[in-house]
Amino acid sequence: MEKDLNRRSFLKLAGTAVSVATFGSYTTTLQAKRAKKKKPNILFVMLDDLGKEWVETCGSEESLTPTVDKLAAEGMQFVNAYSMPQCTPTRVTLLTGRYPFNHGWINHWDVPRWGKGCHFDWKHNISFGNVMKSAGYATAAAGKWQINDFRVTPDAMVKHGFDDYCMWTGYEGDNPPSAERYWNPYINTKDGSKTYKDKFGADVFTDYLIDFMKRKKDKPMMMYFPMCLPHGPLTTTPSAPNVSEKYEMHRAMVRYTDHCLKRLVDTLDDLGIRDNTIVIWTTDNGTAKSLSAMRNGRLVRGGKTLTTENGICAPFIVNCPGLIPAGVKTETLTDFTDMLPTFAELGGAKIPKDAKLDGVSIAKVILGKKKDSSRKWTLAMGSHGGTVDQDGWVVPIHVFRDRVLRDKRFKLFVGTDRKPEGLYDVVKDPAEKNNLVNSKDKAAVAAKKKFMAVVDKMPKVDAAPKYDKLSAQPWDIKIEEKKSERDSMNNYALRTCTRAKAILFVLLVTAVCLPAFAGDAAKTNIVLIMADDVSPDLYGCYGNELVSTPNIDKMAKEGVMFRTAWASAICAPSRALITTGRYGSTTGVYQNAMWLKDASKRLYVDNKSFGKMVKDAGYATAIAGKWHCGAVAPYKESVGFDEYCLWETTKAVSLLEGSPKYKNMYDGDGEWPRFWQPCIIKNHKLVKTGANDFGPDIFTEFICDFIERNKDKPFLAYYPMVAPHGTREGVSTTPLRGKVGEMGKSDSPEENEARFRALNEYIDVCVGRIVKKVESLGLLDNTLIIFCADNGTGVTAKNRGVERGSHVPFVAFGADVKKRGATDELMDFSDVLPTLVDYAGGDFGDYKPDGKSLKPFLSGKTNKHKQWIYSCIATSQLLRTKDYMLEVVNPILGMPKGRFYHTGNNRFGKGYELVNDEKEHAKARKKFDKILKQFPPLTKDNPFWESKRGQVYWKEIMDPKYAKKHLHNHSDYQFYEE
């Protein structure tokens, strides 16, 4: 059984609660009061992305849902109700009464957005709408649908049994207005689709249902309200128009769900039908992973997409005064397959004879006629995005999808190989930390045996979605068209993420609670952390809901987060730019394979390093992680780092004193891995690493140790990370997710995506450790901490001549940094050297960086920084102001003028307008051309192309495939016209 309500909730509900002991007698009284039988109305309300940790009656320490809490106190609360872990599978399971392995919608598929002919086909799928309509019910649906594209099947709602409807179909590909579900929502009714200007979506849906009630109050009504709230994007609400901080926006959205529910319940009262309307309130899956809340004294991170309890054990409340027993908390097992047979029994509807349902009715439990249902277990299945086969049919990612089965005590995780991977006593171990799969405990052994007997009876091959394929549409997006049996997803990895929750919680509490003391040093300490290959949209503070990065998010909130910061689009030129403060047109570093003017050897002869300049200002200096910035080592005098701890090649190891040998126990990243049992040299000595040693831990520990040893004098710690860059085989696991030592051998794109997210979460853990160290030494008020990345994410951005290639996260926090949060001021990596030297009080002498110090802006002395930013990657140039952007200026590849966009106040590629030849924007373009004269583009007659390396690279860029990739956005990032 779940833990009791917290004290505040208990006192609030005690006056109305009815104990389970009086359940039977109370029910008899209720039934005696009902003089006549009438089909009950049903209002089924399902929120989008909300776990129990945000619902007070379920133990949350938030107070956001008073209407829900009152319904629970005066009705029935199911503590063991299962949904699926993601939107689409839950919706189809709810509508059909069948599990995903039978109805086929195992993986998430956003039909209006992805297309490919897939749709929830009424000819192949039963729906509770049609079942209830056949029993004489007036049926209505309002809210989020997502499983049909109304442009292609405009009568879909009627075919599914809902004659009245007011729906947000989901984001429709190639139709930007349809993305809006909150302010100015794009909604479909019988009159078609349109934008409701200046309206809030939740109000439009609620008003529609209220009108439906008034029109149909004399008939039995089946009302389905799958809310859009509180799913991202985070937004303001009519009740909280001025909130801006992430958690406050989420809280406001949750409060507004309760406000809408109250309006519906009040209407039922006003119409005199409240005591004949069964209200069911639940959610489709757990909260987004970027959000956490306290529940029953424990910090619970959102579990959307996970099959841990925070992802699938949904709040589930049933209420109807005089019909449903009050104050009952039941352990009855139920999941969303039970809803269709339950609705049918409540409404006296006949289920078609050919319907093969997986669910069982819980109507008698709801009405108080039984204490329990016949169900012995519930089930949920893994999710994430779907895929298509070579013929264009939507198919499951796995032949047998991973799943969990649960009874009232035990829960079994079953992998894609049909084998048990984890067993947990969720009553004693709600955080699912103690794996009992190999336990000899009799109860655990019996539970595993029981569950596996159920699994053995399941189909060996999961069904694919059933539908008559529709014709291709111009807005269908490209998706990997490959159907194959994937390797088993490591479910252990999902469960070991619970350890991450504990670590992140400690770091978060530390960051909030430890007092910060000003350091005695007059000069500002500097910590510069740079991730490897990751775009800003992979972090919570930049709007990502799937990745939990509380430490970086806190820095962004309490410091400055640049929405538009540019580096170069690949490692070497970015590292040269950040260390020298000069663009590639000055240094000669254009791409990993393009080092002009012998720049590899002369980079720190012809230019200065911030390490050297800050060291000359009296600082202790250190570097850890990945160098990749020329032939000159960072510990050389010209570069300026006193200490180092670097990922290195076996060749570099062989040159050390004594010629030590590095032997890798894992087959990953060639001979010199950066993650598990990494090849690391620390201050001229090979670090002895073992099977369980993880590179980022070693580098982070080195940085923390360096800070502590130099706490009494100014220091500069530069940490160019090795994560989340992939290995030569793929993506590494982390100590928080996955099997130790795996560095990219998974054949599952889904698993690799999950690993990549986990690597970014581990980056946040490392950042938290460093921040914690600085705080514990009382140095935060005198330490500038910067977090950024060297270029965009590998496949979708890296080495592309478009904005996404160069667009990186950049957050500044700590010493003298004014709390601004997100800013629209522009910066690029040429600004880093002058900023660090400025903070260090260093001497520029006659050295002229291309950038400008950020210190006046960060400290609040000015609210402006600079008017334009620039980037060059390989043979392409990019230039930006706040209102305009120019990308892929590339004479060599046939784009001498590039593409010119009017961006206005838009960012992240959304809402950009291509204005190449429009006279209205000619003046702005003229200014861009004037600025570009400072940076002559590379041409075919450059001497570099005559060199041996130049000839090799020339052959590469002349391949049409290179131009197609380099000059354009990835297919997953088509937000603006090219």
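Visitor: Tyr-539 and Phe-787: buried or exposed?
Guide: Tyr-539 is buried, and Phe-787 is buried too. Keep in mind that this is a predicted model.

Visitor: How sure is the predictor? What is the mean pLDDT of the chain?
Guide: The chain has a mean pLDDT of 89. A pLDDT of 70 or more is reached by 91% of its residues.

Visitor: And where does the pLDDT stay under 50?
Guide: Residues 1–36 are one such stretch. The model gives them 56 contacts beyond four places in sequence. Residues 480–521 also have a pLDDT below 50. That stretch has 113 contacts in the model, beyond near neighbours in sequence.

Visitor: Back to rings. How many aromatic pairs does a search of the whole structure find?
Guide: The search finds 45 aromatic pairs. Take Trp-183 and Phe-200 as one of them. Their ring centres are 4.8 Å apart, and their planes meet at 55°. That angle makes the pair tilted.

Visitor: Where in the chain are Trp-183 and Phe-200?
Guide: Trp-183 is in the loop between strands S4 and S5. Phe-200 is in the loop between strand S6 and helix H9. The two residues are 17 apart, and the pair links distant parts of the chain.

Visitor: Which of the two is buried?
Guide: Phe-200 is buried, at a relative accessible area of 2%. Trp-183 is partly exposed, at 30%.

Visitor: Now Tyr-539 and Phe-787 again. How far apart are the centres of their rings?
Guide: The centres are 5.4 Å apart. The planes lie at 75°, so this pair is edge-to-face. Tyr-539 sits in the loop between strand S19 and helix H16, while Phe-787 sits in strand S28. So the pair ties together parts that are 248 residues apart in sequence.

Visitor: Which residues do ring pairs link into a cluster?
Guide: The cluster holds Phe-44, Phe-128, Trp-145, Phe-162, Tyr-224, Phe-336 and Phe-343.

Visitor: What about charges? Which ring does the charged end of Lys-469 sit over?
Guide: That of Trp-393, at 5.4 Å from the ring centre. Lys-855 gives another example: its charged end sits over the ring of Tyr-839, 5.1 Å from the centre.

Visitor: Tyr-839 is in H25, right? How many of the residues of helix H25 are buried?
Guide: Tyr-839 is in H25, and is one of the buried residues there. In all, 8 of the 9 residues of H25 are buried, so the helix is largely enclosed by the rest of the structure. Others among the buried ones are Val-832, Leu-836 and Ala-840.

Visitor: What comes just after H25?
Guide: Gly-841, with a positive phi of about 70°.

Visitor: Changing topic. Where is the place of Glu-742?
Guide: Glu-742 is in the loop between strand S27 and helix H23. Its relative accessible area is 24%, so Glu-742 counts as partly exposed. Buried would need a value under 20%.

Visitor: What does Glu-742 touch?
Guide: Leaving out residues up to four places away in sequence, Glu-742 touches Trp-676, Val-731, Ser-732, Thr-733 and Arg-755. With Arg-755 there is a polar contact of 2.4 Å between the side chains.

Visitor: And Arg-755: where is its place, and is the residue buried or exposed?
Guide: Arg-755 is in helix H23. Its relative accessibility is 3%, so Arg-755 counts as buried.

Visitor: How far apart are Glu-742 and Glu-753?
Guide: They are 11 residues apart in sequence. In space, the distance is 14 Å, C-alpha to C-alpha.

Visitor: Another acid, then. What does the side chain of Asp-389 reach?
Guide: The backbone nitrogen of Asp-391, at 2.9 Å. Asp-389 is in the loop between strands S14 and S15. Asp-389 counts as buried, at 10% relative accessibility.

Visitor: Last one. How many disulfides does the count come to?
Guide: The count is 0. Cys-313 has the sulfur of Cys-58 as its nearest cysteine sulfur, 8.7 Å away. A disulfide would need the sulfurs within 2.5 Å. Cys-313 is buried, at 9% relative accessibility. For Cys-679, the nearest cysteine sulfur is that of Cys-645, 11 Å away. Cys-679 is buried as well, with a relative accessible area of 0%.

Notes:
Residues are numbered from 1 along each chain as its sequence is written. This is a predicted model: local features need pLDDT of at least 70, side-chain atom pairs count only at pLDDT 80 or more; totals for chains, interfaces and linings use all residues. Side-chain values use heavy atoms; hydrogens and water are left out. Helices (H or I, at least four residues) and strands (E, at least two) are DSSP runs, numbered from the N terminus. Buried means under 20% relative accessible area, exposed over 50%, partly exposed in between (1.4 Å probe, protein chains only). Contact means heavy atoms within 4.5 Å. A polar contact is a pair of N or O atoms within 3.5 Å; within protein, one must be able to donate a hydrogen and the other to accept it, and residues adjacent in sequence count only if both atoms are side-chain atoms. Rings of Phe, Tyr and Trp (its six-membered ring) pair if their centres lie within 6.5 Å; planes under 30 degrees apart count as stacked, over 60 as edge-to-face and the rest as tilted. A charge sits over a ring if NZ of Lys or CZ of Arg is within 6 Å of the ring centre and within 35 degrees of the ring normal. pLDDT is the predictor's confidence in each residue, from 0 to 100.
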